[in-house]
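Dear colleague,

Please find below the structure that I am handing over to you. My findings follow it, and I would be grateful if you read them with the structure open.

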Amino acid sequence: MSGLVNAQFRVRDDLIEMAERSFAAIAAPGGSLSGEERIALAEAARGSDVNGRLREFARHLYSSPATVACEHVRQAANDAGDPQTVETIGIVARLSALDRLHTVLGVDLGPLPTAQPGLATGEIARGLKRRRGHVPMPPGPIPVTLDLVPFEAGAFRAMFGPLYMTEEQMGDPLFARDPGLNTPQLETIAARISMLNECFY
Amino acid sequence: MFSHAWRLRWSGEIHEYDIRIEGIADPAIDVGVPGGMALVGLVDDMVKGDITARQQARDAILNELGPESLVDAAAVFGNFEMMNRVAEGTGITVAPQVLEREAEMMKTLGLRDTMKSQHS
């Protein structure tokens, strides 16, 4: 769980609450994976027990996103299914955000939460096609790319505001956290990490 | 990255900063935002540095911009670790018209050859 309350300096309440909610969501049953399966994927992403195609994919995406190619995603999807692969992308991506938040602040990564009981909910969006990417998704920008699994997509979008900006804040070039960083400073970090990750989107 | 390099230039102009977008590709060049060298240095040292470099990078932000800014930096850093993985995992692509529109920025950032290879 999140150790942000133990940081050397005060962390915003919305960030602490977001981290707690996000870790809990990783441990909960998803649309196509149980809580136990989701925690196993998160553990694989961090480097333990990477046996199996989906766990290998989780580790690859977590540790070296720039080298993930269409063939890796398709192999995972052929082996496990599109919903399971999309769900894995969401789990790994959100865990990467949480882990980076902690490490930049010098807070130890704690153990992952205990998996919540229950089977996958089966809530999968219908009618989506693999039209312009590696997985089925609706037309639109990056916030809709995980919409095949609505639970995962919602958990993903819920992190934007505390971590970066809400959609409304993004429209205001004078947005600033006071005290804190303003839009050009936030965009400097966004652009530089994307450059190092070789992510051109 | 395109959209955020573009947003940096757009918001920086409104703040009347002297933005040098090439600083995103070359950390020796100051991007032109307050604390910009420290912010870029934080990203680089967290990705590539050892434990000493990481602590020095945190200290640079704390000294220059304050603890609230380090928290904001950590948060936005995390957000784009997430976004980059969603982009790579799902395979969402940059629209051809964006590549065309941002040809000058691609050249400034030294991306032209890389982008060609990505789409070949």
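Two residues are said to be in contact if their C-beta atoms, placed from the backbone, lie within 7 Å. Please keep in mind that this is a predicted model.

With that definition in hand, we may turn to the place where the two chains meet. How many residues does each chain bring to the contact? Chain A contributes 62 residues, and chain B contributes 56. On the side of chain B that touches chain A, at least two residues come from each of α1 (2–14), α2 (36–48), α4 (67–90) and α7 (112–118). The largest share belongs to α4(B), which supplies 23 residues. Sorted by class, this side of chain B holds 33 nonpolar residues, 16 polar residues and 7 charged residues.

I turn next to chain A itself. Its secondary structure consists of 9 helices and 0 strands, so that its elements, read from the N terminus, run α-α-α-α-α-α-α-α-α. Chain A is as compact as a globular protein of its length, because its radius of gyration, 17 Å, is close to the 17 Å that the globule rule gives for 201 residues. The C-alpha trace of chain A spans about 50 × 35 × 30 Å along its principal axes.

The interior of chain A may also interest you. Of its 201 residues, 50% are buried. Among the contacts in chain A between residues at least 6 apart in sequence, 63% join residues that are at least 24 apart.

Yours sincerely,
A colleague

Notes. Residues numbered from 1 in each chain as written. Chains lettered and ligands numbered in written order. Predicted model: local features only at pLDDT ≥ 70, side-chain atom pairs only at ≥ 80, totals over all residues. Helix = DSSP H or I, 4+ residues; strand = E, 2+ residues; numbered from the N terminus. Rg over C-alpha atoms; globule rule 2.2 N^0.38 Å. Buried ≥ 20, exposed ≤ 12 C-beta atoms within 10 Å, placed from the backbone. Nonpolar A, V, L, I, M, F, W, Y, C, P; charged D, E, K, R; others polar.
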